[in-house]
Amino acid sequence: MIRADITSKFFGEQQVLGQVQFTIAPGETVALLGPSGIGKSTILRIMAGIDTRFEGRVTRPENMAIVFQEPNLLPWRNALDNLLIPHPTLGAVAAREALEKVGLAGRDEAFPGQLSLGQQRRLALARAFAGAPEFLVMDEPFVSLDPEMADQMLSLTETLIAEARPATLFVTHARAEADRLADRVIALSGRPATLSQKADAA
Ligand code: ADP
Ligand code: MG
């Protein structure tokens, strides 16, 4: 079970988060919804263990993967190497399979600059799933894609999640994305931000 028990989070004098408590069951997908600037990425960084400067406690498994807004690829490494960097023991065969699953068959040797933005995002997705994470966190992975491409990415993500069944925390400001992808939606509001009593209030 993944558990967030955050009491407060400050940036300097500014309190960004108040009490935020939630759990994610194995295999469950939870969407964290809220407007821009409310504190979604801050929670995601806390949940991922990137930000440890907060009051409270977080319980999460070791084997986790993060998909950020930007694909975060190394421009001087090809697609296959980018996928293998966090998974050095995976091997080329499994890595190629992972690329195939996201529609990048045969693009092993392409550098990020030779891939479209959509392909770069799919590579980042393949890299995240390649480690069979127990816990997957995604920070608005579909922003700034055109609607058709965002839709394709959503479908692909749905397929990968259905297959691998990680516990997933999916951060978004788009209600439609949250409803489509998540088993359960939780919503942030206020300043300092807390979880709304009813997700529908967001
Ligand atoms: P969201 O992801 O919901 O758009 P963030 O979690 O990025 O929001 O930010 C929440 C608030 O915290 C914003 O007011 C933002 O300006 C502030 N903030 C985020 N990161 C920092 C930082 N490193 N230093 C100071 N303030 C920050
Ligand atoms: Mg954010």
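**Close-up 1. The two sides of helix 3 in this predicted model.** On one side of helix 3, Val-93 and Glu-100 are exposed. The other side holds the buried residues of this helix, which spans residues 92-101: Ala-95, Ala-98 and Leu-99. Looking down the axis of helix 3, you will find these buried residues within an arc of 100 degrees, so they line one face of the helix.

**Close-up 2. The neighbours of helix 3.** Here we follow the buried residues of helix 3 to their packing partners, which are helix 2 (79-84) and helix 4 (117-130). Just after the helix, look for Gly-103, which has a positive phi, near 80 degrees.

**Close-up 3. A hairpin built from strand 1 and strand 2.** Strand 1 covers residues 2-11 and strand 2 covers residues 14-17; the two pair in the antiparallel sense, with 3 bridges. For one example, find Phe-10 and its bridge partner in strand 2, Gln-15. The turn has 2 residues between the strands, and Gly-12 there shows a positive phi of about 60 degrees.

**Close-up 4. Where domain 1 meets domain 2.** Domain 1 comes in two segments, 2-63 and 132-201, while domain 2 runs over 76-124. Their contact takes 10 residues from domain 1 and 6 residues from domain 2. The C-alpha centres of the two domains lie 25 Å apart. About 650 Å² is buried between them, with carbon and sulfur atoms giving 63% of that area.

**Close-up 5. The salt bridge of Glu-163 and Lys-101.** The closest N and O atoms of this pair are 2.8 Å apart. Between domain 1 and domain 2, the count is 1 salt bridge.

Key:
Residues numbered from 1 in each chain as written. Chains lettered and ligands numbered in written order. Predicted model: local features only at pLDDT ≥ 70, side-chain atom pairs only at ≥ 80, totals over all residues. Heavy atoms only, no water. Buried < 20%, exposed > 50% of the residue type's maximum accessible area, 1.4 Å probe, protein only. Helix = DSSP H or I, 4+ residues; strand = E, 2+ residues; numbered from the N terminus. Arc of directions from axis to C-beta. Contact = heavy atoms within 4.5 Å. Pairing = 2+ DSSP bridges. Domains from an automatic or database assignment. Buried area = accessible area lost by both parts, 1.4 Å probe. Salt bridge = Lys/Arg side-chain N within 4 Å of Asp/Glu carboxyl O.
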